[in-house]
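User: I would like to learn how to read a few features of a protein model. Could you walk me through them?

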Amino acid sequence: MKAIAIQAFGGPEGLAVVDLPVPAPAAGQVLIATEAAGVGGVDTVIRSGALAAYGFTEGFVPGSEVAGTVTAAGDGVDASWVGRRVWAFTGTGGGYVEQAVAPIEQVLPLPAGLSPAAAVTLGSAGAVAHFGLRHAHFAPGETVLVRGAAGSIGIMAVQLAARGGAAAVAVTASSPERGERLRRLGATHVLDRSGESGEEAPAGYDVIIDIVAGADMPAFLDRLHPNGRMVAVGAVAGRPPADFGAKIMAAFQKSLSFAAFSAATVPPADLAAVRGRQFAAAARGELEAVVHELLPLDQAVLAHRKMDAGEVFGRIVLETASAA
């Protein structure tokens with residue numbers, strides 16, 4: 001089968017099409033004929049080599065979520081899964097392939113009317129946005145800022161905060177055009193990347209959902225109201241300065257909170273329940289899965305170039321021949 005592997009850490013050109021044997025599902029797994037694979041920000045970080053110290057090696061196949069049809073079931077898996085259209089989380093990698101394996105507890109049936117591309121746009125991003133807001137103890141009537149809102153996680157956080165009764169949903173965006181698209185999804189105020197705005201925006205926020213992190217993250221702690229909470233759900237700009245906690249201590253009397261959130265800490269059953277509800281809502285047209293572009297699997301290099309250039313609004317999805 002065709003797959004995309006990291007032949008050399010660094011730029012997108014380090015990705016290459018390779019031939020791999022079709023995997024056999026182990027006990028508790030299913031084999032999926034992939035139709036769509038989502039391209040996530042973590043894929044580009046792994047490809048760059050920035051996470052090599054965590055065990056990622058050259059030859060690694062990126063991609064963490066796929067959608068397609070189950071073609072085989074391993075021992076202990078109900079045979080009725082075979083032939084079903086599903087979404088699946090493959091782990092930290094293994095998704096840029098024509099045939100993917102996934103543990104059955106990370107597999108979810110797709111409702112009628114939800115495309116494979118929409119599923120891989122919503123599956124991980126929607127869960128991270130939902131549980132990230134819950135981790136921040138977001139409540140109706142509070143003000144929310146989504147930092148780095150143009151990616152799939154940010155877009156879902158905007159929609160969920162708006163649907164959850166936020167008094168205001170501000171976003172940082174790299175252009176007015178992106179800001180307007182985010183307004184149509186529920187944003188009420190558009191700021192530039194530094195958090196500034198030419199319009200009247202909230203003076204502070206009860207909750208900040210940060211997908212960016214990086215060197216500028218500490219400045220956003222200043223934008224929290226007393227008892228405000230910032231939750232980092234990503235780090236597409238890299239780690240924040242090691243001393244960023246000094247900001248919290250300097251504002252001790254404001255009782256500010258900072259937390260990191262990873263969906264890896266959520267029980268699979270809870271993730272499945274939220275994803276199922278979001279898939280159903282998207283199929284009914286109540287949530288929007290924003291697909292930036294569909295590209296063939298063998299154009300993964302182009303997909304990563306677009307990601308690195310900051311051109312993507314929503315999610316790029318790689319399609320295999322099975323999608324035809």
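User: How many positive and negative side chains does the chain have, and how far apart do the centres of the two sets lie?

Analyst: Happy to help, and please keep in mind that this model is predicted. The chain carries 23 positive and 30 negative side chains. The centres of these two sets are 4 Å apart.

User: What does the secondary structure of the chain come to, and why is the chain as compact as a globular protein of that length?

Analyst: There are 8 helices and 15 strands. The radius of gyration is 20 Å, close to the 20 Å that the globule rule gives for 324 residues, so the chain is as compact as a globular protein of that length. Buried residues make up 50% of the 324 residues. Among contacts with a separation of 6 or more, 70% come from residues 24 or more positions apart.

User: How many aromatic pairs are there, and how is such a pair described?

Analyst: A pair of aromatic rings is described by the distance of the centres and the angle of the planes. In this structure the search finds 3 aromatic pairs. One of them joins phenylalanine 56 and phenylalanine 60: the centres are 5.1 Å apart and the planes stand at 85°, so this pair is edge-to-face. Phenylalanine 56 has 13% relative accessibility and counts as buried.

User: What about the rings of tryptophan 87 and phenylalanine 279?

Analyst: Their centres are 6.1 Å apart and their planes are at 70°, so this pair is edge-to-face. The pair links distant parts of the chain, with tryptophan 87 in strand β5 and phenylalanine 279 in helix α7, 192 residues apart.

User: Are tryptophan 87 and phenylalanine 279 buried or exposed?

Analyst: Tryptophan 87 and phenylalanine 279 are both buried.

Conventions:
Residues numbered from 1 in each chain as written. Predicted model: local features only at pLDDT ≥ 70, side-chain atom pairs only at ≥ 80, totals over all residues. Heavy atoms only, no water. Helix = DSSP H or I, 4+ residues; strand = E, 2+ residues; numbered from the N terminus. Rg over C-alpha atoms; globule rule 2.2 N^0.38 Å. Buried < 20%, exposed > 50% of the residue type's maximum accessible area, 1.4 Å probe, protein only. Contact = heavy atoms within 4.5 Å. Lys, Arg positive; Asp, Glu negative; His and termini not counted. Charge placed at Lys NZ, Arg CZ, Asp CG, Glu CD. Phe/Tyr/Trp six-rings, centres within 6.5 Å; stacked < 30°, edge-to-face > 60°.
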